[in-house]
Amino acid sequence: MYKSLRQPIVCVLGHVDHGKTSILDVIRGTSVAKKEVGGITQKIGAFEVDMESFYRASRTEIGMNKLKIPGLLFIDTPGHVAFSNMRARGGALADIAILVVDINEGFKPQTVESIEILKRFKTPFIVAANKIDLIPFFTNIKNISFRDLQKTQRNEYNEELDKRLYNLVNKFYEFGLSTDRYDRITDFSKTIAIVPVSAKMAIGISDALLMLAGLAQRFLERNIEYVGGLGKGTVIEVKKEESLGLTLDTVLYQGSLKKGDRLAVSTRNGPAVSKVKAIFVSGKGKKLLEKSEVFSAQGIRVVLADKLEVIPGSPAIAIVNDTREAFDEIMKESQINIPLSLNG
Ligand code: GDP
């Protein structure tokens, strides 16, 4: 049905303890709880919120016909270090990002680092202003959109929220970024959306999902066009599993990958090739499902025939005969070293 676009790949960034993991948990949980089969893949380094789960989670039919993306693929490892290390096509693996800022704490060192990295990679993002449940005068409520939350709160709360929000807006302005509360923006090409959320109370998550989907659709269409052909991915985690041996959790961002394909990867001894012995995706619950072919974008677990010391962050490129092109590409990707002064 939605053939032309693949899922945009989403990464979550922000300062430690501002709620990145909690937000990912809520997004993952909403879909898992509401849909028993499929809909979401888990524990393979990335999970998907398909459109059906998306509409249920975002509690809306708005734009149903307009949204052509088949869902959103979230990278499960949050943080700017992960974001910078996961590359694709000379840029970031993530097409789009959520920058999480604790609305009560405001900017912190890793908030600034995240902004700098997002700017450097030219990655569009929304801001999730988290922990709005800690703002004074909060009337306890859970599982609600931000739109509806405001009607349930006293004026004092809404005023306190806006005060904090505009402190953030001013801070962003110092970094040369124009931002505003998402429901007050008229031109999304000029202003970055801030969505007030509470991961703890599951507030505003639906609004954030809608903003992400809208943003991806409007500004990324060309980047997220589905490209067929040989699979290309980025290895995000290398694990040793008792039953399977060495496994590569990989985000496949282009083309398709088949069992038996030869895959070029980057190892400690340089580029290497091995046959794909098995491919798994997440099934119901925590079970893995074996697949003979997978299509982008998707989080997959790959088992190679040979024991290679694959480097996490390595490109994974399917090849037919000639390994040279794939090796060149792998060398090129590993040579792009963007210096980072990171402490988290
Ligand atoms: P991360 O380091 O950015 O991944 O942050 P975590 O998701 O681990 O959250 C850090 C702490 O903040 C944890 O104790 C969470 O329970 C808490 N937390 C996260 N989101 C919220 C929220 O919306 N409200 C409140 N009150 N606490 C939150």
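**Exercise 1. Work out whether Phe137 is buried, partly exposed or exposed, and which sign its phi has.**

Step 1: get the cut-offs straight. Buried means under 20% relative accessible area, exposed means over 50%, and partly exposed is in between (1.4 Å probe, protein chains only).

Step 2: apply them. Phe137 has a relative accessible area of 38%, so it counts as partly exposed.

Step 3: place the residue. Phe137 sits in the loop between β7 and α5. These labels come from DSSP runs, numbered from the N terminus: helices are H or I with at least four residues, strands are E with at least two.

Step 4: check the backbone. Phe137 isn't a glycine, yet its phi is positive, about 75°. Most residues other than glycine have a negative phi.

A word on what you're looking at: this is a predicted model, where local features need pLDDT of at least 70 and side-chain atom pairs count only at pLDDT 80 or more, while totals for chains, interfaces and linings use all residues. Residues are numbered from 1 along each chain as its sequence is written, and side-chain values use heavy atoms, with hydrogens and water left out.

**Exercise 2. Do the same for Lys122, then find the cis peptide bond at Ala297.**

Step 1: Lys122 is in the loop between α4 and β7. Its phi is positive too, about 55°, and it is not a glycine.

Step 2: at 74% relative accessibility, Lys122 counts as exposed.

Step 3: go to the bond between Ser296 and Ala297, which is cis with omega about -5°. Ala297 lies in the loop between β16 (293-295) and β17 (298-304). For background, most peptide bonds are trans.

**Exercise 3. Lay out the open sheet of seven strands and pick its edges.**

Step 1: write the order, β2-β3-β1-β6-β7-β9-β8, with mixed pairing. Two strands pair if DSSP finds at least two bridges between them.

Step 2: find the strands that pair on one side only. They are β2 (46-50) and β8 (179-181).

Step 3: add the twist, which averages 30° from one strand to the next. Axes here are lines fitted to C-alpha atoms, for helices over the stretch in contact, and angles run from 0 to 180 degrees between N-to-C directions.

Step 4: look at how β3 is joined. Strand β1 (residues 9-14) and β3 (residues 71-75) run parallel and share two bridges, with Ile9 opposite Leu73. Five bridges link β2 to β3, and that pair runs antiparallel; here Ala46 faces Ile75.

Step 5: ask how enclosed β2 is. Five of its five residues are buried, so the rest of the structure largely encloses it. Ala46, Glu48 and Asp50 point one way, and Phe47 and Val49 the other.

**Exercise 4. Check the span of α6 and say what its buried residues pack against.**

Step 1: the expected span is 1.5 Å times one less than the number of residues. The 20 residues of α6 should therefore span 28 Å, and the end C-alpha atoms are 29 Å apart, which agrees.

Step 2: list the buried residues; among them are Tyr157, Leu161, Leu165 and Phe172. The buried residues of α6 pack against β6, α4 (109-120), β7, α5 (146-152), β8 and β9.

Step 3: follow the chain onward. After α6 comes Gly176, with a positive phi near 75°.

**Exercise 5. Describe the surroundings of Leu24 and Asp102.**

Step 1: Leu24 belongs to helix α1 (residues 20-34) and is buried at 1% relative accessibility.

Step 2: list its contacts (heavy atoms within 4.5 Å). Beyond neighbours within four places in sequence, Leu24 touches Val12, Phe47, Phe74, Ile75, Asp76 and Pro78. The C-alpha atoms of Leu24 and Asp76 are 7.3 Å apart, though 52 residues separate them along the chain.

Step 3: turn to Asp102, in strand β6, which is buried at 5% relative accessibility. Leaving aside neighbours within four places, Asp102 contacts His18, Asn130 and Lys131. Its side chain also reaches the backbone nitrogen of Asn104 at 2.8 Å.

**Exercise 6. Find where the model's confidence drops.**

Step 1: pLDDT is the predictor's confidence in each residue, from 0 to 100. The protein chain averages 86, and 88% of residues score at least 70.

Step 2: pLDDT stays under 50 over residues 32-42 and over residues 336-344.

Methods: Polar contact = N/O pair within 3.5 Å; in protein donor to acceptor, adjacent residues only side chain to side chain.
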